[in-house]
Structure formats: structure tokens, C-alpha cells
Amino acid sequence: MAQNRAILQWQSVPKASLMTSPTPSPAPATPPTTTAAAPDRIRAAMGWLHTAHFLTSAPQLEHLPALDLPEIAFVGRSNAGKSTAINTLTQQTRLAFASKTPGRTQHINLFGVGKQKIDDAVLADLPGYGYAAVPKEAKLRWQRVMGNYLITRESLRGVVLMCDPRHGLTELDEILLDVIRPRVTEGLKFLVLLTKADKLTRADANKALSIMRLQAGGGEVKLFSALKKQGVEEAAELLHRWTHPDAP
Ligand SMILES: Nc1nc2c(ncn2[C@@H]2O[C@H](COP(=O)(O)OP(=O)(O)O)[C@@H](O)[C@H]2O)c(=O)[nH]1
Ligand SMILES: [Mg+2]
């Protein structure tokens with residue numbers, strides 16, 4: 001089955017743990033035991049994300065305003081389900097599809113989030129990268145914009161990588177992981193959402209989870225389905241926690 005083949009190929013990626021630094025790093029802090037998040041935490045996180053609203057769009061890093069708010073970047077190859085996931089997490093129908101506006105697809109789009117009309121965090125929707133044979137020039141341009149953003153954006157607090165587990169990691173996903181690895185070592189939060197989980201059997205979903213956990217050593221990996229609303233509350237709670245470390 002093509003699906004199995006994709007998963008096997010993915011497994012054979014030579015880097016066993018993309019996020020591990022070459023020098024021994026201290027044992028990762030034990031992740032908070034995932035006792036299902038308290039309903040009030042989930043409610044707070046979902047209500048908070050629902051306030052997301054378009055702030056600005058920029059073709060290049062130098063055009064992005066320097067905002068003094070924790071920022072969470074959403075990245076992933078085209079068609080991975082990124083726009084759908086952002087819309088699902090914010091419980092809005094058109095928020096991320098705004099980036100489909102002609103001329104804006106290669107832009108970085110920023111959304112403000114915060115209760116009582118006071119933004120306390122920013123979501124950044126980064127350009128999706130090609131999944132077919134992308135012209136070399138477009139690839140290089142993407143690497144430049146993305147690389148600059150991920151390396152130098154000071155307010156960056158976390159990165160959410162959307163990955164369709166039926167296709168596994170692409171070359172550009174791996175470049176991205178290489179680029180952010182040093183920042184993850186320094187404390188940048190990192191989450192992989194395995195999108196369209198409704199398309200996988202339970203066995204394949206578990207397999208995809210284990211493989212990705214190895215590859216993303218250090219980051220969290222969760223199954224996500226916009227269609228079945230799987231993983232939505234968990235992801236929302238995590239993003240809320242990243243940006244509100246002192247919340248009860
Ligand atoms: N079955 C299923 N399809 C999805 C899901 N999320 C997105 N899709 C579909 O995948 C395609 C690409 O989604 P989109 O959000 O535009 O991807 P993007 O290019 O990464 O922003 C669309 O046809 C979506 O309807 C999901 O959770 N389940
Ligand atoms: Mg999109």
C-alpha cells in the first residue's frame with residue numbers, strides 16, 4: 001500500500017533524531033505528565049485562540065514589525081493542512097485562508113491573539129513550501145525568508161510544524177529542523193502536528209507517532225485532525241501554556 005511505503009521510507013531517514021544536538025545536552029526536563037488538561041484550562045485556551053485576528057502581512061522579514069509579544073510560527077509544506085489547522089485552532093472559517101489572497105501566498109502573515117482586545121501573543125503563518133518539484137529559485141527564496149525568520153526573529157517563542165504523516169518529512173522540513181535545532185536547544189518550543197490523522201488507521205497513526213517522536217527528539221508530537229477535531233484542544237492548551245507560562 002502506498003501509505004505503508006511512505007511511512008517506511010520516512011522511517012529510513014538516516015538522521016535518527018533530527019532535533020538532538022551533536023554535543024551531549026542535559027537530559028530533557030520530564031514533560032509535564034499529560035494528565036488530560038483541566039477543562040477550564042482548555043476553555044481558556046480555546047477562548048483565547050478564538051480572539052485571533054489579522055494584523056499584517058509581509059513579503060520579507062525586514063517588513064515585519066518587531067512586536068514585543070511571544071510569537072508562535074506555523075510552518076509546513078503546501079497542502080499539509082496548515083491553513084485548516086490554524087482555522088480549526090482559532091475556531092474561525094477564513095482566518096488563515098486570508099493568506100490565499102493572490103500575491104500573499106509567499107508572505108508571512110501575522111495574527112494577534114488576546115482577550116479583552118489586548119493582544120498578548122502573535123501567531124505567524126509562514127509561507128507553505130512546495131510539495132512537487134519546486135523551481136530551484138523558489139526553493140532558495142523560501143529558504144532565505146524562512147531561515148532569516150526562524151534564526152533572527154527575537155520574539156519567536158515556539159514553532160508548530162504541520163506534517164501530513166502519509167508523506168513524512170520532506171527535504172525542506174528537514175532543512176527547517178536543522179535551522180531551528182540550535183534554538184530548540186536554547187529553549188524554543190516545538191510541536192509537530194501530524195495532520196489529517198483521520199486518514200490513518202489506528203496502527204499507522206501510532207507508527208507515525210513513534211517515528212516522528214524519534215525524529216523530533218525534544219519536541220512534542222501530536223495527532224491532529226481538523227475533520228474529527230482530534231488533538232485540537234490539546235494543541236490549543238499547549239500553545240496557550242507556551243505563551244502564558246505563569247497561568248494557573
Ligand atoms: N481529511 C482531512 N483533510 C484535511 C484536514 N485538514 C486539511 N485537509 C485537506 O487538505 C487539503 C489542504 O489543506 P490546507 O489547509 O489548505 O493546507 P495548507 O496548504 O497546508 O494550508 C485541503 O483539501 C483540506 O480540506 C483534515 O484534518 N482531514
Ligand atoms: Mg494554506
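**Exercise 1. The residue after helix H3**

In which loop does Gln-91 lie? Determine its backbone conformation and its exposure as well.

*Solution.* The model is predicted, and the solutions below refer to that model.
- Step 1. Gln-91 lies in the loop between H3 and strand S3 (108–113).
- Step 2. Just after H3, Gln-91 takes a positive phi of about 55 degrees, although Gln-91 is not a glycine.
- Step 3. A residue is partly exposed when its count of other C-beta atoms within 10 Å falls between the limits of 12 or fewer for exposed and 20 or more for buried. Gln-91 has 15 C-beta neighbours inside 10 Å, so it counts as partly exposed.

**Exercise 2. The loop before helix H3**

Locate Asn-79 and describe its phi angle and its surroundings.

*Solution.*
- Step 1. Asn-79 is found in the loop between strand S2 (71–76) and H3.
- Step 2. The phi of Asn-79 is positive, about 75 degrees, and this residue is not a glycine either.
- Step 3. Asn-79 has 16 other C-beta atoms within 10 Å and is therefore partly exposed.

**Exercise 3. Helix H3: enclosure and ligand shell**

Establish how far H3 is enclosed, what its buried residues pack against, and what H3 gives to the shell around ligand 1.

*Solution.*
- Step 1. Seven of the nine residues of H3 are buried, so the helix is largely enclosed by the rest of the structure.
- Step 2. These buried residues are Lys-82, Ser-83, Ala-85, Ile-86, Thr-88, Leu-89 and Thr-90.
- Step 3. Their packing partners are helix H2 (39–50), helix H7 (232–243) and the strands S2, S4, S5 and S6.
- Step 4. Around ligand 1 there are 16 residues, of which Gly-81, Lys-82, Ser-83, Thr-84 and Ala-226 are the closest. H3, which spans residues 82–90, gives the most to this shell, with three residues.
- Step 5. Sorted by class, the shell holds nine polar, four charged and three nonpolar residues.

**Exercise 4. The sheet**

Give the strand order of the sheet, identify its edges, and follow the pairing from S1 through S3 to S4.

*Solution.*
- Step 1. The secondary structure of the chain comes to seven helices and seven strands. Along the sequence they follow the pattern α-α-β-β-α-β-β-α-β-α-β-α-β-α.
- Step 2. Seven strands form an open sheet in the order S1-S3-S4-S2-S5-S6-S7, with mixed pairing.
- Step 3. Strand S1 (53–58) and strand S7 (220–223) stand at the edges; each has a single partner strand, so one side of each is left without a neighbour in the sheet. From one strand to the next, the twist averages 20 degrees.
- Step 4. S1 and S3 run antiparallel and are joined by five bridges. Within this pair, Thr-56 stands opposite Leu-110 in S3, and His-53 has Gly-112 as its bridge partner.
- Step 5. S3 also pairs with strand S4 (residues 121–125), in the antiparallel sense and over five bridges. Here the bridge partner of Asn-109 is Asp-125.
- Step 6. S3 is mostly covered, with five of its six residues buried.

**Exercise 5. The turn from S3 to S4**

Describe the exposure and the contacts of Gly-114.

*Solution.*
- Step 1. Gly-114 has its place in the loop between S3 and S4.
- Step 2. Gly-114 has 16 C-beta neighbours inside 10 Å and so counts as partly exposed.
- Step 3. Beyond its neighbours within four places in sequence, Gly-114 is in contact with Thr-51, Asp-119, Asp-120 and Ala-121.
- Step 4. His-50 is 64 residues away from Gly-114 along the chain, and the two C-alpha atoms are separated by 8.8 Å.

**Exercise 6. Core and long-range contacts**

Identify the residues that touch the most other members of the largest nonpolar core, and trace the contacts of Leu-194.

*Solution.*
- Step 1. Of the 248 residues of the chain, 38% count as buried.
- Step 2. The largest nonpolar core has 60 residues, and those touching the most other members are Phe-74, Ala-124, Val-192, Leu-193, Leu-194 and Ala-235. S5 supplies the largest share of this core, six residues.
- Step 3. Apart from neighbours within four places in sequence, the contacts of Leu-194 include Cys-163, Pro-165, Met-212 and Phe-224.
- Step 4. Helix H5 (residues 171–185) lies across S2, strand S5 (156–163) and strand S6 (189–194), and runs at about 155 degrees to S5.
- Step 5. For the chain overall, 77% of the contacts between residues at least 6 apart in sequence join residues at least 24 apart.

Notes:
Residues numbered from 1 in each chain as written. Chains lettered and ligands numbered in written order. Predicted model: local features only at pLDDT ≥ 70, side-chain atom pairs only at ≥ 80, totals over all residues. Near = placed C-beta within 6 Å. Helix = DSSP H or I, 4+ residues; strand = E, 2+ residues; numbered from the N terminus. Nonpolar A, V, L, I, M, F, W, Y, C, P; charged D, E, K, R; others polar. Pairing = 2+ DSSP bridges. Axes fitted to C-alpha atoms, helices over the stretch in contact; angles between N-to-C directions. Contact = placed C-beta atoms within 7 Å. Core = buried A, V, L, I, M, F, W, Y, C linked by C-beta atoms within 7 Å.
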